[in-house]
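Okay, thanks everyone. I'd like to walk you through one helix and then a few charged pairs, so let's put the structure up.

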Amino acid sequence: MKTLDNKLQQLLWEGTVIPAHPLALNEDRSIDEKHQRLLTQYYIASGAGGIAVAVHSTQFEIRDPEINLFETVLRWASEEVEKAALQRPFIKIAGICGATEQAVQEATTALKYGYDIGLLSMGGLQSWTENAILDRVRAIAAIIPVFGFYLQPAVGGRIFSYSFWQQFAEIDNVVAIKCASFNRYQTLDVMRAIANSCRRDQIAMYTGNDDNIVNDLMSVYNFPVAGENVAIEFKGGLLGHWAVWTAKAVELLQEIKTYKQDPNNLHASHLLSKAIAVTDSNAAFFDPANAFHGCIPGLHEVLRRQGLMKGTWCLNPNENLSIGQQEEIDRVYKDYPDLNDDEFVKEFLKSRS
């Protein structure tokens, strides 16, 4: 059983920015190696503390036998991290999907390419009992450290009980949980389960709630446990939203950390206003107006405009920007000019030319 390196564990607990890595394609939907590698380089240069590869933003179709890109994207991202020869910790996270046999194979492949943690999707298991899903988590945790994943039902996830998260938290080698329920009640279930777990000091909570990023990171969840107050916080974010404007996401997380060290009303008010701008921008990228149909092309469109991708193509030819989504992205660029990192990307690309 692989366990997490102490320096990476410390980084995870300090809180960091972990972008969900997109998939760069050519117009014929073959993989675009130059831009796929360029994206990894961009996240490293932005100051992110890690990357999550072969996840929803990388498109689950990479696992289809006729496409067969799962190992390729893991290998290329790992090679780019290796080439960067970083003098700081950097966490490599591999997405893991499917029934137990497939998930075990993917966890083993992730280890082969030097990944540190597996982000274990619970999508596509709607007919499974919670006990069967917990057994699957135990099987993967016996291979690689597990980053749990509470995925919202609108994009293939399901709702889990408080008892499920209580038992989940007790599994050895679960090191973090990404909460992307997009729902405050379900988020509370996870946070309260962690507070009541004897492993609460071993599990770092990360927000995946792209509709509530800043508020999640600012908040402290206090729960009474055995006569004591237990505080649980989101340490950082593992987010599709942070696949774009990543340099500004790094600044934002640092600003929130600074606020939490010395909270005051003025700074809180500033951050809460920024929270609205970030969520409004996310609506343009993730397309909730159309049941998230354009969420991946929306991210691609921002990266295309910046020169980090050639187009918005997805493996599924029916996955395109929704009607009006281009205009929404235009609007948030105009309304919130301080949120994009276009100038950083210009300098980054110049340094690569």
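Quick bit of vocabulary before we start: I'll call a residue buried when its relative accessible area is under 20%, exposed when it's over 50%, and partly exposed in between. And keep in mind that this is a predicted model.

With that cut-off, arginine 37 counts as buried, because its relative accessibility is 11%. So who does it pair with? In helix α2, residues 33-46, glutamate 33 sits 4 residues from arginine 37, about one turn of the helix. Their side chains make a salt bridge, 2.9 Å from N to O. Glutamate 33 is at 37%, so that one is partly exposed.

Arginine 37 also has a salt bridge to glutamate 79, with the closest N and O atoms 2.8 Å apart. Glutamate 79 is in helix α3, so this pair ties α2 and α3 together across 42 residues of sequence.

For contrast, look over at α13, residues 342-352: glutamate 343 and lysine 346 are 3 residues apart there, and their salt bridge comes in at 3.2 Å. Going back to our arginine, shared partners join Glu33, Arg37, Arg75, Glu79, Glu80 and Lys83 into one network. The whole structure has 19 salt bridges.

Now, α4. Which of its residues are buried? Ala103, Glu106, Ala107, Thr109 and Ala110. Down the axis they fall within an arc of 160°, so they line one face of the helix. Their cover includes α3, β3, β4 and α5. On the face turned away you get Glu101 and Lys112, both exposed. After α4 comes glycine 114, with a positive phi near 80°.

Conventions:
Residues numbered from 1 in each chain as written. Predicted model: local features only at pLDDT ≥ 70, side-chain atom pairs only at ≥ 80, totals over all residues. Heavy atoms only, no water. Buried < 20%, exposed > 50% of the residue type's maximum accessible area, 1.4 Å probe, protein only. Helix = DSSP H or I, 4+ residues; strand = E, 2+ residues; numbered from the N terminus. Arc of directions from axis to C-beta. Contact = heavy atoms within 4.5 Å. Salt bridge = Lys/Arg side-chain N within 4 Å of Asp/Glu carboxyl O.
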